[in-house]
Each structure stands twice: as C-alpha cells, then as structure tokens.
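Welcome! Let's walk through a protein model together, one question at a time.

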Amino acid sequence: MPRSIATQARVARLEARLKRYRGRLEHARPVVAEGRLVRMVGLTLEAEGCQVSVGGRCRVVSLDDHEVEAEVVGFSGERTYLMPVGDVSGLTPGARVIPTRHARETLVGEALLGRVLDGSGRPLDGAGVPQCDDHVSLHGRPINPLAREPIHEPLDVGIRAINGLLTVGRGQRMGLFAGSGVGKSVLLGMMTRYTAADITVVGLIGERGREVNEFVQKILGPEGMARAVVVAVPADHPPLMRLHGAMLATSIAEYFRDKGHNVLLLMDSLTRFAQAQREISLAIGEPPATKGYTPSVFARLPQLVERAGNGDRGSGSITAFYTVLAEGDDTNDPISDAARAILDGHVVLSRRIADTGRYPAIDVEASVSRVMNDIVDPGHVQAARQFKQLYSQYQQNRDLISVGAYQKGSDPRVDEAIALFPRLERFLQQDLREAVNFKKSLRALEDLVSRRESAQAEKPVQQAAPAGRATSS
C-alpha cells in the first residue's frame, strides 16, 4: 500500500512537470532557418537557405553587423528574391538573411493627425513616435461590393468648375490626368483646403522631395494639418518604400473611415506607384507587356484603388483623388488608360489651356464624372449639358474664329457660343485663394444658362420688328 502511494505521487510530479514543459513549448519561439546572401543585382537581393513566404520580412545582417530590412518579392527554385526597404550600401556576400515574424501592419490612431510619416510609418517631422494602440494591415480588408453604401450625396470640393460640371459624390474615386507642369499639384492643394471632409490623408508618392515641405507648410498650413495625415515617400526612396507609402496612406484612410469619418484621400501620384511596381517586377525577371509595364502592374492598380470608396453600410467614406501623370501629354498611355477603366471619373488638365493663362486648366470636354447624374437633380444635369454644348461649339470652330474666317450668321449655335464664351471662361477660371462652395457654383451655372435662354427668347422679337415696320409703310 505505501508503495502504491509513492508511485502515485511520482506520477503526479511527472504530470505536473510535463504540463510545465508543454506550456513552455506553446510560448517558445519557433526555430528560424537562416539563409545567406548569394547575389545582388541592382536593388534585388538573392538568398539561399531561408524559408519565408512572399510578402514576408527579413533582416539582412552583414559580417560587420550592418543590417538592412528587406521584403520577399518572389522565388525561383532554392533562391529567394528580396527587395530592400532601406539603403543597401555595406552589405557583403554571405550576409545572414534572418526571417522575422513581423507582418506588414501599421499602427494607427487619432495620434496620427497632424503628423508627417514615411512609408514605414516612422515620423519625418521630428515630433517623436506617435502613440497609437490600434494596428491594421497594409493590404486592408476586402469589402463585399453588395455591402458598400451607395454614392448618393454630392461632395463640395470648393472648385466651381468641378462642383458645377463634374460633380463629385462622397465616396467617389476620381483621377486628375495631366502632363508635367500643368497644375495638378496646385489643383490638389486647392481641394485639400476647400473640400468638406472630416479628415484628409495625403500620400506624396515618388514626387520631388522639395514638394513635401511646400505642401505641408504652404498648402495645408497649421489649420489644415490639424485634421490631416501626410505620408511622404520622395522619388529617391527604394521602389518598395514607394509601394508601401501608397498602401500605408490607404490603410490610414480605411481606419478613419471605419471609425465613421468622411475621409478625403489625395494620392500624388498613381503613376509613380505603378512605376515602382514595374521596377520591382522587372528586377525579378517578370517579362514586360505594354511599353515596359509588366502584368503585375495592372493587377496592383485595382487592388489599391478598390480599397477607397464608401465602406459598409453605417460606416464612413473615402473620397479619393489620384493624380495620373500623362507622359508626353498622352492621356492614352498604358497607366492612364488603365486608371480610367477602374476610376469613377476623371478630370483632364490641358497644357493648351494652361498656356492661355486660365487656371485651373480643366478640359471640360475630355472630363467626366460617372456618378453625377445619380446625385444631382435633373435641372443641374441639364444646365451642365447646355454649358458643355456651348463650350464644345466654340472649340470646334476655334480656328475659324481666331483667323476671322467665320462669318457671323452662318450658324446660330456658333453665334451663341461666341457671344457667351467670355462668360464660360470666367466660370471655369478661379483664383488659387478663392473657394466657391457647391451652392454658389450651381447658382453661377444656372445664372449663365438663364441668360442664354433669355437671349434666345428675345431673338424672334428683334427680327419681327423690321418686318412690321415695312408692312405698315
């Protein structure tokens, strides 16, 4: 009997010890298989011996303990392709490649308001690390298209031409198409200051570093920065950082949308995002498809753009404006053409119009808002259509008019367009420091159209008077 009790006590001690060991194993860090750096061409690192999934992070540590963070972008056989996040100078052959457990997530919260971040979420304004408790994935979460709140409310952007002729809906995705130096950044800044939104998220992706401080200090200013978050990744940063910058700006906008806020997302530019993806895909051997752009570029664009818009019913909205750089003023280049297909409308800025001194240089004939007819009343739609018809009539006969070849009275519609053209130009022109709200824009449009209708009503009376006098005599 005593022997049986001793055996039971020994078994109990062994079970307790095994339980402790199991607990330790559950919380133990898994064994990580390190690899080594075997090749580096351009910005592409090739490693052997490490097992890590595409999108995973690694630390590349050289013999002198110089460390670079990199992300897995592909693999072939036993080799893994990585793209560095930072500067690769100092790396040596045989450097250790250590997979990390960090997922591509970012910390988010109200503390981000008023801050300027880089593509990794680190502060650029020297104000310390933002104290945020929530975190979200850089890839966002998919939304059932049937669960999205429909676009049913116009958004006041403070630009008369857009409010009146290209009305934007809250939750719409619009593109700003323009060549270099035509004024897309200035127009973007005007919308930043004048758009009615709770929070503004600005992504400055792949642009000049000088523009970052200028945008923060001059365009946003202290008042604008109080309700804004800026993610800046200039052109001298690695392509992976430019991709992450665009994804980070979108993730921050998604976070505030899910909190019930109406967010304005400004991305400058979508073209630089596409070019960064092209650099990465070409570096790992993906064959080009159209003008040097690889198929993965055209897969990435909708993945980014579709994250904006209205959220689930009852949540907030993201109204997004993406600038698209038309290389050589060609609005039919591959990226411009792909962007038009996935956006809810586009505003085209014309160099010809900018050269005449009219700003913003919006080409109303080439621009369109695909949701305008659903969010404004029929009278507004009719007034905008009449405006475009008059403007188009003048532009079609512009060369004849400018050289004096057009004879007055040849076409009553052209005569009317010539008479009203100065008013049309005044409607489209707007000073940089002038904000025109939605009601004033609509009132100006209706006033212009009513003047046209009154002029048409007076024409028969003016023609009948001479005939009456001739009969009486």
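**Questions about a predicted model**

Q: Is Leu 220 buried or exposed?
A: This is a predicted model, and its relative accessible area for Leu 220 is 9%. Buried means under 20%, so with 9% Leu 220 is buried.

Q: In which helix is Leu 220 found?
A: Helices are numbered from the N terminus. The one that covers residues 209-225 holds Leu 220, and it is helix 4.

Q: What distance separates the C-alpha atoms of Leu 220 and Gly 121?
A: Along the chain, Leu 220 and Gly 121 are 99 residues apart. In space, their C-alpha atoms are separated by 20 Å.

Q: How is the pair of rings of Phe 387 and Phe 427 classed?
A: A pair of aromatic rings is described by the distance of the centres and the angle of the planes. Rings pair if their centres lie within 6.5 Å, with planes under 30 degrees apart counting as stacked, over 60 as edge-to-face and the rest as tilted. By this rule the model has 5 aromatic pairs. For Phe 387 and Phe 427 the centres are 5.2 Å apart and the planes stand at 50 degrees, so the pair is tilted.

Q: How many residues apart are Phe 387 and Phe 427?
A: Phe 387 belongs to helix 11 (residues 378-396), while Phe 427 belongs to helix 13 (residues 412-428). Both Phe 387 and Phe 427 are buried. Their pair links distant parts of the chain, 40 residues apart.

Q: What kind of aromatic pair do Tyr 394 and Phe 421 form?
A: Here the centre-to-centre distance is 3.7 Å and the angle between the planes is 10 degrees. Planes under 30 degrees apart count as stacked. The pair of Tyr 394 and Phe 421 is therefore stacked.

Q: Which parts does the pair of Tyr 394 and Phe 421 tie together?
A: Tyr 394 and Phe 421 are both buried. The two residues are 27 apart in sequence, and their pair ties together helix 11 and helix 13.

Q: Which residue do ring pairs link into a cluster with Tyr 394 and Phe 421?
A: Tyr 394 and Phe 421 form an aromatic pair. Ring pairs link these two into a cluster with Tyr 391.

Q: Which residue lies over the face of Tyr 293?
A: A charge sits over a ring if, among other conditions, it is within 6 Å of the ring centre. Over the face of Phe 427, for instance, lies Arg 160, at 5.9 Å from the ring centre. Over Tyr 293, at 4.2 Å from the ring centre, lies Arg 278.

Q: How many disulfides does the structure hold?
A: A disulfide needs two cysteine sulfur atoms within 2.5 Å. Overall, the number of disulfides is 0. Take Cys 58, which is buried at 1% relative accessible area. Its nearest cysteine sulfur, that of Cys 50, is 5.2 Å away, and Cys 58 is in no disulfide. The count for the structure is 0.

Q: In what order do the strands of the closed barrel run?
A: The barrel has 6 strands with antiparallel pairing. From one strand to the next, the twist averages 45 degrees. Within the barrel, 4 bridges join strand 2 (residues 44-48) to strand 5 (residues 79-84). The order is 1-2-5-4-3-6.

Q: Which residue stands opposite Val 108 in strand 9?
A: Strand 7 (residues 105-108) has a covered face, made of Thr 106 and Val 108. Antiparallel to strand 7 runs strand 9 (residues 134-137), joined by 4 bridges. Opposite Val 108 stands Asp 134.

Notes. Residues numbered from 1 in each chain as written. Predicted model: local features only at pLDDT ≥ 70, side-chain atom pairs only at ≥ 80, totals over all residues. Heavy atoms only, no water. Phe/Tyr/Trp six-rings, centres within 6.5 Å; stacked < 30°, edge-to-face > 60°. Buried < 20%, exposed > 50% of the residue type's maximum accessible area, 1.4 Å probe, protein only. Lys NZ or Arg CZ within 6 Å of the ring centre and 35° of its normal. Pairing = 2+ DSSP bridges. Axes fitted to C-alpha atoms, helices over the stretch in contact; angles between N-to-C directions.
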